[in-house]
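The following exercises invite the reader to examine a protein chain part by part. Each task is followed by a worked solution.

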Amino acid sequence: MTAEKGAPSDRPVGAIVPAPDVAALKDRITKQGDVVKTLKAEKATKERIQDEVAKLLKLKEELEQLVKQQAEEEAKTKFDRAALESLLLKRFFFAPAFEIYGGIAGLYDYGPPGCALQNNILALWRQHFVLEEDMLEVECTNLTPEAVLKTSGHVERFADYMVKDSKTGDIFRADHLVKQVLNQRLDDDGIKVPMVDAKGKLKPKIEPLTSDQRSEYEVILETLDNYQGEALHHLIRRLEIRAPETLNEVTEPVLFNLMFETQIGPTGQFKSYLRPETAQGHFLNFKRLYEFNTGQMPFASASVGKSFRNEISPRQGLLRVREFTMAEIEHYVDPLKKDHPRFAEVRDIVVPLYSATNQEAAAGPVKMSIGEAVEKGIINNQTLGYFVARIYLFLVKIGIEPERLRMRQHMQNEMAHYATDCWDAEIKSSYGWIECVGCADRSAYDLTAHTNQTGQKLIVREQLPEPVVEDKLVLEVNKKLFGTTFKKDSKAVQGYLDSLQIPDQKGSPSGEWDARKVQALKDQLEAGNGKAKITGDGKDYELTKDLITIENRTFTTHIREYIPSVIEPSFGIGRILYQLLEHSYYVREGDEQRAVLKFPPCVAPIKALVLPISHDDTFTPYLKEVVIGLRKFNITNRVDDSASTIGRRYSRNDELGTPFAVTVDFQTAQDQTVTLRERDSTRQIREKVQS
């Protein structure tokens, strides 16, 4: 992430920079320099020192040539983000919201092509997931009462660490600041040390990086998500991370809750938040969804809607915003049987997997089949693996380049409070590797929490194939005698008895006895001739066999009740859209002014351009016929009969990503044929218009 006034680095997060051969050469130069220093310290002969100095100079010359060569190669391939952003604004894919009032960071409006592109992505998402998997789509409210988000853990835990410039007060998200500064140091091959010139102006000095520092930075960038709280603070202090522009020290990281707070109603009595995710609406409606699905398991719900996060310092365009569209799936599965009935369909799909283990070793992703990853326990279970594969296929289908796509596993310290395993689909762009889809095994966390808080059973009832018969120790209280015996101390003694039950998620008595604890009390009663001493609220009491009865009872169970686990793929549509724009953008060879967005036809905002070769009333009925024919097959099209040359009109629509063009000309009037043009190859053919 960039700083408030700094320029973003084009380096992918965690990329090995400089390139391995450059790094190796620098390491050799450092070692050769040490040889020369040692010889000088030992007062070796002049000839011997000169020989080693000559070797050092030769290495430096090799490095200079190599760096120059790589710089030339990078200049040829470097992505021109400024040119793309200029194009997107010109063609109104999106633009800063409230721009004529100065705008607000992190808020954007989508124009016609941006809306069409997003709608096409979502249509394909519904086809790929909702229709293909028979999911149940829901639409839930954006406003969420505080009680719901307290139960889900968001009020307490949905936060990021932020720091401030100690003098200017500029605010940064702590982990993004570390990322930016370390990337900049690798770019500069040095550390900026604050120095002030004679006029009192900041004039930083660059201290060169050692090979050990470069290696350390690369490992930290790969594992940065693992640093939280005090560990993150210690890292900032140890590496002397400063505000990028002022080089002032930054304050200690503090947590900032990312939810927008509001009130419902005129009195402000009902505190609430704009939802940070769509998931809670699914969970609160689980009982209705389960009944709608006729009690069948497993099944999934899906939704598309807005979510809101009060980002600390939103930058990077659509990649970090305060209001965004999410598409989320909640797949409900038996926690004891997380196999997927269609897993065989994706078993052999090979995906670049970046496991937590490989991240700790900075070893990079490994291409592996989903089947192998599940068998080796790298991916937790079949259902999670199934959705990891389906997410990968979806992103490739809409036009994300496979070589710039990977699935990265969350490290333990970055795992969300509700997750037992989580994989992110990360897409590489000029901003680096960006998380665009999360696929988490949320276990039964949310449904259990809401069940315990509300008393409403969000459970599955499953008829067992055969009854289960089991013996259990049961403790019963003689309530009449219990009250008259203990009187005002009844609550304290009852508290002790409650402690013999297995606690629920909130720590309250669940109604199910802990067999080990109850057996211990029974043994104590038998050893004490029907009496046992217990402690409640710090006081000693005596229980007798008249007050409580402990015995084995046989229970026959025909129905199994359980709270399902949830596998959740969560898509940030704006992020996916922007990454697709970068992956689709190029300029025609030999003409930097002719930009193209190579969208696949399935997501292109406009599928076909329809245009006359010139202004002539003769063409009007043929243009109308082509448009009606395209609309009959739901092919979005646009007529461009402006005064511009046909080449300029082609170029304008290449910039909009329109894959095909249909040109009506004078020959059309003679034989009812038109010219068809394909965007990327610019190839043209003649075809007859079919009514």
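The exercises below treat confidence, helix packing, a sheet and a buried helix in turn.

**Exercise 1. Confidence**

Determine what the average pLDDT of the protein chain is, and over which residues pLDDT stays under 50.

Solution. The model is a predicted one. The protein chain has an average pLDDT of 90, and 96% of the residues score at least 70. Over residues 1-20, however, pLDDT stays under 50. For that stretch the model has 58 contacts beyond four places in sequence.

**Exercise 2. Two packed helices**

Classify the packing of helix H16 against helix H17, and describe the residues that make the contact.

Solution. Two packed helices are described by the angle between their axes and the distance between the axes. Helix H16 covers residues 479-486 and helix H17 covers residues 490-498. They pack at an angle of about 125 degrees, and their axes are 9 Å apart. Angles over 145 degrees count as roughly antiparallel and those from 65 to 115 as roughly perpendicular; H16 is therefore oblique to H17. On the side of H16, the contact is made by Phe482, Gly483 and Phe486; H17 contributes Ser490, Val493, Gln494 and Leu497. By class, the residues of this contact are four nonpolar, three polar and no charged.

**Exercise 3. A sheet and the helices across it**

State the order of the strands in the open sheet of five strands, and identify its edge strands and the helices that lie across its strands.

Solution. The strands follow the order S29-S28-S30-S31-S32, and the pairing is mixed. The edge strands are S29 (637-639) and S32 (684-688), each of which pairs on one side only. From one strand to the next, the twist averages 25 degrees. Strand S31 (residues 673-678) and S32 run antiparallel and are joined by five bridges; Val674 has Glu687 in S32 as its bridge partner. Helix H20 (residues 620-632) lies across S28, S29 and S30, at about 170 degrees to S28. Helix H21 (residues 646-655) lies across S28, S29, S30, S31 and S32, at about 165 degrees to S28.

**Exercise 4. A helix and its surroundings**

Decide whether helix H15 is largely enclosed by the rest of the structure, and name its buried residues.

Solution. Helix H15 spans residues 445-454. A residue is buried under 20% relative accessible area. The buried residues are Tyr445, Asp446, Leu447, Thr448, Ala449, His450 and Thr451. Seven of the 10 residues of H15 are thus buried, so the helix is largely enclosed by the rest of the structure. Just after H15, Gly455 adopts a positive phi of about 80 degrees.

How values were computed:
Residues numbered from 1 in each chain as written. Predicted model: local features only at pLDDT ≥ 70, side-chain atom pairs only at ≥ 80, totals over all residues. Heavy atoms only, no water. Axes fitted to C-alpha atoms, helices over the stretch in contact; angles between N-to-C directions. Helix = DSSP H or I, 4+ residues; strand = E, 2+ residues; numbered from the N terminus. Parallel < 35°, antiparallel > 145°, perpendicular 65-115°, else oblique. Contact = heavy atoms within 4.5 Å. Nonpolar A, V, L, I, M, F, W, Y, C, P; charged D, E, K, R; others polar. pLDDT = per-residue confidence, 0-100. Pairing = 2+ DSSP bridges. Buried < 20%, exposed > 50% of the residue type's maximum accessible area, 1.4 Å probe, protein only.
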